[in-house]
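Here is my note on the structure you asked me to look over. I have set it out as numbered points, which can be followed with the structure open beside them.

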Amino acid sequence: MLKSMRMNVMICSTLLFLSFAASANGQKTSPAPVTPVPAPAPAPATDYVNLADLLSVAGPFHIFLKYLESTKLIDTFQDQANKTEEGITLFVPKDEAFSSIRKPASLSNLTQEQLKSVISFHAIPHYYSLSDFRNLSLNNPIPTFAGGPNFGLNFTDNAGTIRIDSGWTSTKVISAVHAADPVAIYETDKVLLPTAIFGTDVPPLPPAPAPAPAADPPAADTPSAAADKGSSSSSSSSHSNSAATSSPKSIVHGHLVTVIVGVLLMLLCR
């Protein structure tokens, strides 16, 4: 009996031990709860700048845009604006500027490669805001997309008026069409012509029209003066003739008065 009780106690102890071990083992193997980590937010995409759209809406810059497309430079400038950290600065002449190009400069006489250099001469491979032009003159000449030492632009800032000198052309920035990094587009009133293509023999500016001379009084030998002189001479001669003809009459009247007075005196004396 005692042996049986001992066996029961041992069995119970073994069962309790196994139960405890199983419980402990289950706690070790059960995975801990995992807190989900949120995925990082995507970086904001940079706004794509479409140069063709900007030039089509603003302006009128239709002629310059036409040259950009015919020379395929629109793609080069577009990549510079949207795929580089430097950005781009464009100087865009309005349509009227192309019709005012002075001879012998003429874009129609250029080869395709020369025309491409002229249009590239209007772009700088870097973004410049209006405030940057204050100190930009310290680094003149500023290289352009045309490349080479003979394709640089010179800038001056005079009390906020930005002037551009290409050697052949002297113009100024009229307005900012678009000025937000990485693209700056500035309007000019003249086409920038490089001396590397057109030479240094720049034709002088046409002289300003002279003011119309004031009307002078007619000279003495003009027909109108002669007529005036003749009329004044005839007037004076008529006056002298009338004076000459009137003097004998006054003498006759004087004699008649004397005779009448004498006759009256004689009759009174009788």
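1. A residue is called buried here when its relative accessible area is under 20%. With that cut-off in mind, and remembering that this is a predicted model, begin with helix α4, in which L73, I74, F77, Q78, Q80 and A81 are buried. Seen down the axis of α4, these buried residues fall within an arc of 160°, so they line one face of the helix. They pack against α2, α3, β1, α6, β2 and β7.

2. Helix α3 can be read in the same way, with F64, L65, Y67 and L68 as its buried residues. Looking along the axis of α3, one finds them within an arc of 160°, so they too line one face of their helix. The elements they pack against are α2, α4, β1, α5 and α6. After α3 comes K72, whose phi is positive, near 65°.

3. Which residues touch the most other members of the largest nonpolar core? This core has 31 residues, and the two in question are L68 and L107. At least two residues of the core are supplied by each of α2 (51-57), α3 (62-70), α4 (73-83), β1 (88-93), α5 (95-99), α6 (112-120) and β7 (183-188). A second core, separate from this one, has 17 residues, among them F91, Y128, F133 and A184. As a general background, nonpolar side chains tend to be buried together in soluble globular proteins.

4. L107 deserves a closer look, since its partners can be listed one by one. If neighbours within four places in sequence are left aside, L107 is in contact with Y67, F98, I101, L115, V118, L193 and F198. Of these partners, Y67 is one of the buried residues of α3.

5. The strands form an open sheet of seven, in the order β2-β1-β7-β6-β5-β4-β3, and the pairing is mixed. What are the edge strands? They are β2 (123-124) and β3 (142-143), each of which pairs on one side only. The partner of β3 is β4 (residues 152-158), and these two strands pair in the antiparallel sense over two bridges. At the level of single residues, I142 has L153 in β4 as its bridge partner. In general, strands of a sheet pair through backbone hydrogen bonds, either parallel or antiparallel.

6. T89 has its place in strand β1; is T89 buried or exposed? T89 has a relative accessible area of 0%, so it counts as buried. A polar atom of the T89 side chain lies 2.5 Å from the backbone oxygen of H126, and the side chain also reaches the backbone nitrogen of Y128 at 2.9 Å. Not counting residues up to four places away in sequence, T89 touches H122, A123, I124, H126, Y127, Y128, A184 and Y186.

7. Finally, consider V49, which sits in the loop between α1 (2-29) and α2. V49 has a relative accessible area of 11%, which means that this loop residue is buried. V49 and Q78 are 29 residues apart in sequence, while their C-alpha atoms are 7.7 Å apart in space. Apart from neighbours within four places in sequence, V49 is in contact with L54, Q78, N82 and V183. Its partner Q78 is one of the buried residues of α4, the helix with which this note began.

Technical notes:
Residues are numbered from 1 along each chain as its sequence is written. This is a predicted model: local features need pLDDT of at least 70, side-chain atom pairs count only at pLDDT 80 or more; totals for chains, interfaces and linings use all residues. Side-chain values use heavy atoms; hydrogens and water are left out. A nonpolar core is a set of buried Ala, Val, Leu, Ile, Met, Phe, Trp, Tyr and Cys residues joined through side-chain atoms within 4.5 Å. Buried means under 20% relative accessible area, exposed over 50%, partly exposed in between (1.4 Å probe, protein chains only). Helices (H or I, at least four residues) and strands (E, at least two) are DSSP runs, numbered from the N terminus. Contact means heavy atoms within 4.5 Å. Two strands pair if DSSP finds at least two bridges between them. The arc is that of the directions from the helix axis to the C-beta atoms. A polar contact is a pair of N or O atoms within 3.5 Å; within protein, one must be able to donate a hydrogen and the other to accept it, and residues adjacent in sequence count only if both atoms are side-chain atoms.
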